[in-house]
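User: Please take a close look at one part of this structure: where salt bridges are concerned, who pairs with whom, and in what surroundings? I would like one connected account.

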Amino acid sequence: MSALFNFHSFLTVVLLGICTCTFIKMQFPAILEHRTGFRGFFWKAARIGERLSPWVAVGCFSMGLSIIFF
């Protein structure tokens with residue numbers, strides 16, 4: 001089933017996207033300099049990961065547990 005139709009899969013994809021964009025921005029900041037256009041979406045995801053990192057970490061941890069046990 002597609003991640004768009006399954007809410008659990010959609011949340012997993014969103015959390016992985018936020019974590020990946022944040023990691024890329026920390027390692028290679030020049031890639032996500034553009035704040036507009038298509039790359040602006042990834043810049044915003046990286047900004048969410050930077051500012052809300054404790055909440056994103058809790059979300060990733062709980063999502064990992066739910067994938068393992070359910």
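Analyst: The account below starts with the overall frame, goes to the salt bridges, and then moves to their surroundings.

This is a predicted model, in which local features need pLDDT of at least 70 and side-chain atom pairs count only at pLDDT 80 or more, while totals for chains, interfaces and linings use all residues. Residues are numbered from 1 along each chain as its sequence is written, and side-chain values use heavy atoms, with hydrogens and water left out.

First, the frame. The protein has three helices and zero strands. Both terms refer to DSSP runs numbered from the N terminus: H or I over at least four residues for a helix, E over at least two for a strand. Along the sequence the pattern reads α-α-α. The C-alpha trace spans about 40 × 25 × 15 Å along its principal axes. Of the 70 residues, 23% are buried. Here buried means under 20% relative accessible area, exposed means over 50%, and partly exposed lies in between, with a 1.4 Å probe and protein chains only. Contacts are heavy atoms within 4.5 Å. Among contacts with a separation of 6 or more, 51% come from residues 24 or more positions apart.

Now the salt bridges. The structure holds two. The term covers a side-chain nitrogen of Lys or Arg within 4 Å of a carboxyl oxygen of Asp or Glu. Side chains of opposite charge can pair when their charged atoms come close.

One bridge joins Lys 25 and Glu 50, at 3.3 Å from N to O. This pair links distant parts of the chain: Lys 25 sits in helix H1, Glu 50 in helix H2 (residues 38-51), and 25 residues separate them. The two side chains also make a polar contact at 3.3 Å. That label needs a pair of N or O atoms within 3.5 Å; within protein, one must be able to donate a hydrogen and the other to accept it, and residues adjacent in sequence count only if both atoms are side-chain atoms.

Glu 50 also bridges to Arg 47, with the closest N and O atoms 3.3 Å apart. Both residues lie in helix H2, three residues apart, about one turn of the helix. Shared partners therefore join Lys 25, Arg 47 and Glu 50 into one network of salt bridges.

How covered are the three? Lys 25 counts as buried because its relative accessibility is 15%. Glu 50 is partly exposed, at 25%. Arg 47 is also partly exposed, at 23%.

Next, the neighbours. Lys 25 belongs to helix H1, which runs over residues 7-27. Leaving out residues up to four places away in sequence, Lys 25 touches Leu 32, Trp 43, Ala 46, Arg 47 and Glu 50. Thr 22 lies in helix H1 too. Thr 22 is buried, at 15% relative accessibility. With the same sequence neighbours left out, Thr 22 touches Ala 45, Ala 46, Gly 49 and Glu 50.

Ala 45 is in helix H2. Ala 45 is buried, with a relative accessible area of 9%. Not counting residues up to four places away, Ala 45 touches Ile 18, Cys 21 and Thr 22. Ala 45 and Lys 25 are 20 residues apart in sequence; their C-alpha atoms are 9.9 Å apart.

Cys 21 leads to the disulfide check. Two cysteine sulfur atoms within 2.5 Å would make a disulfide. A search of the whole structure finds zero. Cys 21 is in no disulfide, and the nearest cysteine sulfur, that of Cys 19, is 9.5 Å away. Cys 21 is buried, with a relative accessible area of 9%. The sulfur of Cys 60 has Cys 19 as its closest cysteine partner, but 3.2 Å is too far for a bond. Cys 60 is partly exposed, at 28%.

Last, the surface. The accessible surface comes to about 5500 Å², and 74% of it belongs to carbon and sulfur atoms. Such areas come from the Shrake-Rupley method with a 1.4 Å probe; for residues, only the protein chains shown count as cover. Phe 61, Leu 65, Ile 68, Phe 69 and Phe 70 form a nonpolar surface patch with about 680 Å² of accessible area together. Patch residues have over 30% relative accessible area and no salt bridge; like charges are joined within 9 Å, nonpolar side chains (Val, Leu, Ile, Met, Phe, Trp, Tyr) within 5 Å. Phe 61 is in helix H3, residues 53-69. At 57% relative accessibility, Phe 61 counts as exposed.
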